[in-house]
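Got the viewer open and a hand on the mouse? Let's take a walk through this one, stop by stop.

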Amino acid sequence: MVAIDPTLLTNIFLIGLSGTLVCLAVHFIPVGGAPAAMAQATGIGTGTVELAAGSGLVGLITASYMYAYEPLADIPLVMAAGAMGSMVMLASTMFAGSLIYAYGVAVPFASAQVKKDPITGDRQDLYISKGTQGQGIPTICFVSGVVGAALGGAGGGLIYFVLMDLYKPLLSMTSAFAVAGVFTMGVMYVNSVIPSYGVGGTIEGVHDPKFRRVVGKDVITSFFVSILCGLLAVLIAGGMSV
Amino acid sequence: MVLDLTMSMAVLALLGALATIAGCLEDLESDVGSQSNPNSQVQLAPQMGFLHRIFNKAISGEPISNGMSAVIGGTVTTVLLSQKFYPLTAIVIGAFIGAIILGIFATTSYAGRVASQTRFKQPLYMDIMRYTTPTIIGHNFIMNFCLVAIAYIQFEVLGYPFTIPFLALIWGISVGAIGSSVGDVHYGGEREFQNREFGCGLNTALSGRIVRKAESGLRNSIDNVWFCAKFGGPATGIALGLTVFFSSWPTTLFGYTWTAIGIGVLIVAVLTIMNRLIELNVRHAYGPYKEEKNEKEAKA
């Protein structure tokens, strides 16, 4: 009878929604994978799951701190705290990465997916070195990454808020924090892996044609998988109350 | 807020410093053990006929292996703290055990990876294993120490809701993600292909053709970490230091309000502008690599 309570149904829906936000976020983050680590592709030189989860988890820390120390914190404020933490992490990472691309490897930043940067209007195709798929982190990729991190952090904050409301009456505070934190991390990982299949390991961001091609399918898949995660979170809570 | 503003800022500065050291040492550990994406070239080299003396571990993705060693460190520290150990002693012992376990994984991983390349005649150098493994453990120990210390301060002093092992796990995963995104590019994009002209770009046709000769003799992983410590490591440290400092600085100064969130967004905007300045600078310095078609025609 647990699942038919309207509040619980709302909670499941919100977890589904937040998981979808995390999945959507991954598509915005310019991830170049192994080729980018050798400056042979545009974007950040690591995998989608690593980066999305890494930035989302920093957002989780800031969101949880906000939740713990601001009794009046509502959902938007906790989500914004998560978004801020994630954005700071990803912006710092991309900035330091740019330092390496610029002064360590010495390559100009260029996107292989667009002729001109939609934000700055700079020509991209002339700056792609021979035998590569672009390199570095041009402004459009940086901005797209920051937007993605904000979505991911906000999604993480939302899951955490919902789960804390769910577990707080059933567990001691320390245990509720731990269970909600670990479950949030799990939902983030699940929703970071789903888009990896769609984007095939690399994507430049919102301007990449791949974005429009796969984002719809990935988001729908992620919504249903996250609903399943939400259902699991509620079932676990049912076990706690016994 | 648990502490007053001055103490909060002092603690935040300490966290930033610890994070900077942790970030730097994490990247150097991944360079000396050759982990993450650039290791694909080390793995590929023997298949292209380029036998080498570089350590080859890649236990897993960098965030996961660092998260593993950090969470082991955090768990052991928590157990020792519950047994009334002095905090510094507990953190040191915890960090050491986490590093030793990573070292065990490093040896099995190196031996296993090289064994799988028998058909390409890649030898397993015992001297490389003997003196590179303690270097890996040493670097990882310092990273673990810093991360567990950050987790301890956040939990015990600042009153973060998560426990020490969980905070250590999150920071371990984050530092791995940052190291993999920042410092590894210096190792993979520059050090492994250092015989190419600086600023010419890296053709994919060069895959696997890594540099095998050192400044003196044959290159090994200790030579690589010496080079990456000059730029890749410190840049990774800066990234993690900025992350730890600036993710908490707005709320420390302005409390848990929308103003703090606005300041966070402002910091991100400043970083975006700085990235743009680097982009402009580097576009002037290198490239363009191709000429525009009508320009070519005009010249003809």
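**Stop 1: the fold of chain A**

Select chain A and trace it from the start: the pattern along the sequence is α-α-β-α-α-β-α-α-α. That comes to 7 helices and 2 strands, where helices (H or I, at least four residues) and strands (E, at least two) are DSSP runs numbered from the N terminus. The radius of gyration of chain A (taken over C-alpha atoms) is 19 Å, close to the 18 Å that the globule rule (2.2 Å times the number of residues to the power 0.38) gives for 242 residues, so chain A is as compact as a globular protein of that length. Turn it around and you'll find that the C-alpha trace spans about 65 × 35 × 25 Å along its principal axes.

A word on what you're looking at: this is a predicted model, in which local features need pLDDT of at least 70 and side-chain atom pairs count only at pLDDT 80 or more, while totals for chains, interfaces and linings use all residues. Residues are numbered from 1 along each chain as its sequence is written, and chains are lettered from A and ligands numbered from 1 in the order in which they are written.

**Stop 2: color by confidence**

Color by pLDDT, the predictor's confidence in each residue, from 0 to 100. Chain A has a mean of 91, with 98% of its residues at 70 or more; chain B averages 92, with 97% scoring at least 70. Within chain A, helix 4 (residues 75-105) is highest at 95, and helix 3 (residues 48-69) is lowest at a mean of 89. For the model, ipTM is 0.94 and pTM is 0.94.

**Stop 3: where the chains meet**

Now show both chains. How many residues of chain A are in contact with chain B? The count is 68, against 66 residues of chain B, with contact meaning C-beta atoms, placed from the backbone, within 7 Å. Helix 4 of chain A gives the most to this side, with 21 residues. By class, the side of chain A that touches chain B has 45 nonpolar, 20 polar and 3 charged residues (Ala, Val, Leu, Ile, Met, Phe, Trp, Tyr, Cys and Pro count as nonpolar, Asp, Glu, Lys and Arg as charged, and the others, Gly among them, as polar).

**Stop 4: B:Leu147**

Finish by selecting B:Leu147. Leaving out residues up to four places away in sequence, B:Leu147 touches B:Ala22, B:Ala70, B:Ala168, B:Trp171, B:Gly172 and B:Val175.

Terms used: Contact = placed C-beta atoms within 7 Å.
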